[in-house]
Amino acid sequence: QALGELPSDPNPRYLEDRVAEKLLTLQMLNERLYSHIMENYSDFVGGIEAVSEVEKDLQVAHVLAKNSRRSLAMCSEEVKRNIRIAANAKKKQELFKLLELLLQLRAIVGKIQELGEGLRDGQLAWTVANAMSCVGAVEQLDSEMFCVHELRTTVMRILDDTVAATDDT
């Protein structure tokens, strides 16, 4: 468009005037742009500072998140370890209960053997008294266990044999 405005035979003075006009226009634009920048400079600086603060906050948040993930992983491992310990403690408690039951059964079986010996030796009063206490011990056991039924039957048989032997004498 600027070339279309040129006369067909431009002289150097004409060109210099046009260049001077364009330079003046450029200088006015630069001054307006500079004043506009200077009017908004404090906003620009404030924006740069805000961006810098956000960057620092993001760096701190990144470090916190990283530490939190590490802490959560450690807590998760500790919880898993505690669950294993609790399971082992529960298993140990159940094994102790089973051991206690087995010791009770062993004591009752030993008592039944003593009752049999007492019956054979003719200690009928002792055998009846101890058979009654043995029946009480068997009654305290879980009736759904197969061996409890067998123990009860054995003790009752010894008691019946003892009573029969008492009647015979």
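Helices are taken here as DSSP runs of H or I of at least four residues, numbered from the N terminus. By this assignment T162 is found in helix α4. The model described is a predicted one. The mean pLDDT of the protein chain is 90, and 95% of its residues reach 70 or more. Among the elements of the chain, α2 has the highest mean pLDDT, 94, and α1 the lowest, 89.

Helix α2 covers residues 41–121. For its 81 residues a rise of 1.5 Å a residue gives an expected span of 120 Å, and the end C-alpha atoms are 117 Å apart, which agrees. Part of this helix can be followed from K92 to L105, which are 13 residues apart in sequence and 20 Å apart in space, C-alpha to C-alpha. Just after α2, G122 adopts a positive phi of about 85°. Helix α4, residues 146–168, has 23 residues and reaches 33 Å from its first C-alpha to its last, close to the 33 Å expected at 1.5 Å a residue.

The buried residues of α2 are L105, I108, I112, L115, G116 and G118. The cover over these residues includes α3 (124–139) and α4. L105, in helix α2, has a relative accessibility of 13% and therefore counts as buried, the limit being under 20%. Apart from residues up to four places away in sequence, L105 touches L141, C147 and L151. Of these contacts, L151 is itself among the buried residues of α4.

In α4 the buried residues are V148, L151, V155, I158, L159 and T162. Their cover includes α2 and α3. T162 has a relative accessible area of 0% and is buried. Leaving aside neighbours within four places in sequence, T162 is in contact with L119, L124, T127 and V128. Burial on α2 and α4 is thus reciprocal, because α4 is included in the cover of the buried α2 residues and α2 in that of the buried α4 residues, under a contact limit of 4.5 Å between heavy atoms.

A nonpolar patch lies on the surface and is formed by L33, Y34, I37, M38, Y41, F44 and I48. Together these residues have about 750 Å² of accessible area. Helix α1 (12–39) and helix α2 each supply at least two residues of the patch, and α1 gives the most, with 4 residues. M38, which lies in helix α1, has a relative accessibility of 42% and counts as partly exposed.

Side chains of opposite charge can pair when their charged atoms come close. A search of the whole structure finds 5 salt bridges. One of them joins R13 to D17, with the closest N and O atoms 4.0 Å apart. Both residues lie in helix α1, 4 residues apart, about one turn of the helix. R13 is exposed, with a relative accessible area of 56%, whereas D17 counts as partly exposed at 33% relative accessibility.

Another salt bridge is formed by K80 with E77, the closest N and O atoms being 3.9 Å apart. K80 and E77 both belong to helix α2 and are 3 residues apart, about one turn of the helix. K80 counts as partly exposed at 42% relative accessibility, and E77 likewise counts as partly exposed at 42%.

A further salt bridge links R152 and E139, whose closest N and O atoms are 2.9 Å apart. R152 lies in helix α4 and E139 in helix α3, so the pair ties together parts that are 13 residues apart in sequence. R152 counts as partly exposed at 26% relative accessibility, and E139 counts as partly exposed at 43%.

Technical notes: Residues are numbered from 1 along each chain as its sequence is written. This is a predicted model: local features need pLDDT of at least 70, side-chain atom pairs count only at pLDDT 80 or more; totals for chains, interfaces and linings use all residues. Side-chain values use heavy atoms; hydrogens and water are left out. The expected span of a helix is 1.5 Å times one less than its number of residues. Buried means under 20% relative accessible area, exposed over 50%, partly exposed in between (1.4 Å probe, protein chains only). Patches are made of residues with over 30% relative accessible area and no salt bridge: like charges are joined within 9 Å, nonpolar side chains (Val, Leu, Ile, Met, Phe, Trp, Tyr) within 5 Å. Accessible areas come from the Shrake-Rupley method with a 1.4 Å probe; for residues, only the protein chains shown count as cover. A salt bridge is a side-chain nitrogen of Lys or Arg within 4 Å of a carboxyl oxygen of Asp or Glu. pLDDT is the predictor's confidence in each residue, from 0 to 100.
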